[in-house]
Structures are given as C-alpha cells and as structure tokens.
Amino acid sequence: MIELQNVTLTYPDGNSRITAVDNVSLRCEVGMLMGITGPSGSGKSSLLAIAASLITPDTGGVLIGSGENMVDAAQLSKTEATELRRDRIGIVFQQSNLLPALTAREQIEVMAHLGGGSKKHKATITARADELLEATGLAARADKRPHQLSGGERQRVAIARALVHDPDILLIDEPTSALDQERGAEIIELIEHLTHKRNTATLLVTHDLIHRSAFDELVTVIDGQIREPATV
Ligand SMILES: Nc1ncnc2c1ncn2[C@@H]1O[C@H](COP(=O)(O)OP(=O)(O)O)[C@@H](O)[C@H]1O
Ligand SMILES: [Mg+2]
C-alpha cells in the first residue's frame, strides 16, 4: 500500500518558491493500478519522485507498506530512504536508462547484485533474471543489447529490472511516451498484468487516456492538485 497524506512540495524559483505538489492525498492498495494523468508541468513526475522517496516533501506523509511494516518515507534519513527504495520500491523512468554495453539479462543481474545484503549465488541471480525476462515477454531477447531492442522491448527490460527485489510499490513515469499506440497498449497491459499477479501497488503516470480502461482508478493532477478523480 502507498498513501500520500497532504503532501506539498515546493522548488526554489528565484527569490520565491513554486509549488509543484499542492496538498495531495491519495491511496493505492496492493494489487491496484492507479493512473495519474494531467497536463505537462502539473506535478506528476514530482509526485512520483516523492512516492519513490527520491524527494522529501516540504510537508505531508508518504506511508509505505502496512501494519508493522509501514514506514513514513518522508521521515527517513537518506540512507534509510535508499534502503527502502532498494528493498520495496520499483521505479521505471520515462527513458528506460539502460546501460548500453549490457544485454537484457545483464541489466537485470546487475540490479540483483546491487546492495543485496547477503551475497547471492550467480546461478540464483541468473535464474531470477530469466524468470523476469519470461514474465515480461523477453525470453527470446535475453542476450540483446539496448541498441538491438525496440523501444517497447527496452521499456520491458526496465520494468523487469524494477521487479528484481520483488517490490511492494511500482512507480512508472510515462512508459508509453516514446511508443506507437499498439506498443504502448502492450506495455500498459503488461503493467496491469504484473500489478495484479505480483500484488504491487502501482502508480502509473501517463497523459495517454486511450489506456484508461486498464486503470483501477484514475486521478487528474492540475497545478499540483488532485482534481476530480477522472472517470475510468
Ligand atoms: N528540479 C526542479 N527544480 C525546479 N522546478 C522544478 C523541478 N522539477 C520540476 N519543476 C517544476 O515543477 C512543476 C511540476 O513539474 P513536473 O513534476 O515535472 O510535472 P509533470 O511531470 O506533470 O510534467 C513544473 O512547473 C516544473 O517546471
Ligand atoms: Mg513528468
């Protein structure tokens, strides 16, 4: 579960500050795909960065998990936030940010090696990467490097990589912006499927409303505020 409670974020702007996120509250349960839409500059990416614990809001709470495992990401130190991201949050940015020299399988393996407390066996990590390649429809593309993959395939690798540590929360920023409509629809379908199958609480930023039927809930951000829950 992820819940934002009255979250406000400002950025410095000359002598004053601009409000990018203005008293936003929202709640996304496990197994739920929430769409976040709204015009460019309305604060969607800022909202996602707060949910990801990459930015600490000026005020408000960012509750992640439930019961004894619940933490307020807004109250964590930088080190604690880094651990939270590694263990419990999967993030997919607008550009897939893949390493050019690595194959699809290696992109995932590298992430599996990162910061994991106990040293894992190479074979275990490769098996995990292969499982995720399969789950994202990339089994046949495992040994390809980014320049050999299509835009949609690169997004799939980024999604597989975000799932390496079995996150509770999945945060995805405009995954279809560089894709044609059909590839875009396939990516959204994949995210919908993974959300339900892996029980992640998924926030998906998009301004592409043709995908609206995939969302369990859809909210619209305008000038940093949640307006109307948009009709799905
Ligand atoms: N790092 C930053 N420093 C200053 N202003 C920023 C920064 N990031 C975003 N903004 C401003 O905050 C507002 C919201 O931006 P953003 O969250 O990127 O919106 P969206 O993702 O909806 O396009 C915009 O006015 C943008 O110019
Ligand atoms: Mg954005």
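**Loops, a ligand and two cores**

Trainee: Glu 174 is found in the loop between E7 and H6. Is Glu 174 buried or exposed?

Mentor: Keep in mind that we're looking at a predicted model. The cut-off for buried is under 20% relative accessible area. Glu 174 has a relative accessible area of 9%, so the residue counts as buried.

Trainee: What is the phi of Glu 174 near?

Mentor: Most residues other than glycine have a negative phi. Glu 174 isn't a glycine, yet its phi is positive, near 45°.

Trainee: Which residue in the loop between H6 and E8 has a positive phi although it is not a glycine?

Mentor: The loop between H6 and E8 is the place to look. A residue there is partly exposed, because its relative accessible area is 45%. With a positive phi of about 60°, the one you want is Asn 199.

Trainee: And Thr 200: which side chain does the side chain of Thr 200 make a polar contact with?

Mentor: Thr 200 lies in that loop between H6 and strand E8 (201-205). At 1% relative accessibility, Thr 200 counts as buried. Away from its sequence neighbours, Thr 200 is in contact with residues including Glu 29, Met 32, Asp 168 and Leu 194. The side-chain polar contact, at 2.8 Å, is with Thr 202.

Trainee: Let's move to the ligand. Which element gives the largest share of the shell around ligand 1?

Mentor: Ligand 1 is surrounded by Tyr 11, Ile 18, Ala 20 and the run Pro 39, Ser 40, Gly 41, Ser 42, Gly 43, Lys 44, Ser 45 and Ser 46. Strand E2 (16-28) and helix H1 (44-51) each supply at least two of the shell residues. The largest share, three residues, comes from H1.

Trainee: How many charged residues does the shell around ligand 1 have?

Mentor: Go by class: there are six polar and four nonpolar residues in the shell. Lys counts as charged, and Lys 44 is in the shell. The charged count is one.

Trainee: How much of the area that ligand 1 exposes when taken alone does the protein bury?

Mentor: Start with the short distances to oxygen atoms of ligand 1: a backbone N or O atom of Gly 41 lies 2.6 Å away, and one of Gly 43 lies 3.0 Å away. Lys 44 brings a polar side-chain atom to 2.8 Å from a ligand oxygen. Taken alone, ligand 1 exposes 570 Å², and the share buried by the protein is 58%.

Trainee: How many of the eight residues of H1 are buried?

Mentor: The buried ones are Lys 44, Ser 46, Leu 47, Leu 48, Ala 49, Ile 50 and Ala 51. Ala 51 is buried because its relative accessible area is 0%. Beyond its sequence neighbours, Ala 51 touches Ile 2, Leu 4, Val 62, Ile 64, Ile 89, Leu 171 and Leu 203. H1 is mostly covered, and the count is seven.

Trainee: How many residues does the largest nonpolar core have?

Mentor: Ile 108, Ile 159, Ile 191 and Leu 204 have the most contacts inside this core. Elements giving two or more residues to the core include helix H3 (104-113), helix H5 (151-162) and helix H6 (181-198). Another core, with 29 residues, among them Cys 28 and Leu 47, lies apart from it. For the largest core, the count is 32.

Key. Residues numbered from 1 in each chain as written. Chains lettered and ligands numbered in written order. Predicted model: local features only at pLDDT ≥ 70, side-chain atom pairs only at ≥ 80, totals over all residues. Heavy atoms only, no water. Core = buried A, V, L, I, M, F, W, Y, C linked by side-chain atoms within 4.5 Å. Buried < 20%, exposed > 50% of the residue type's maximum accessible area, 1.4 Å probe, protein only. Helix = DSSP H or I, 4+ residues; strand = E, 2+ residues; numbered from the N terminus. Near = heavy atom within 4 Å. Polar contact = N/O pair within 3.5 Å; in protein donor to acceptor, adjacent residues only side chain to side chain. Areas by Shrake-Rupley, 256 points an atom, 1.4 Å probe, with all protein chains shown as cover. Contact = heavy atoms within 4.5 Å. Lists of a residue's contacts leave out its neighbours within four places in sequence.
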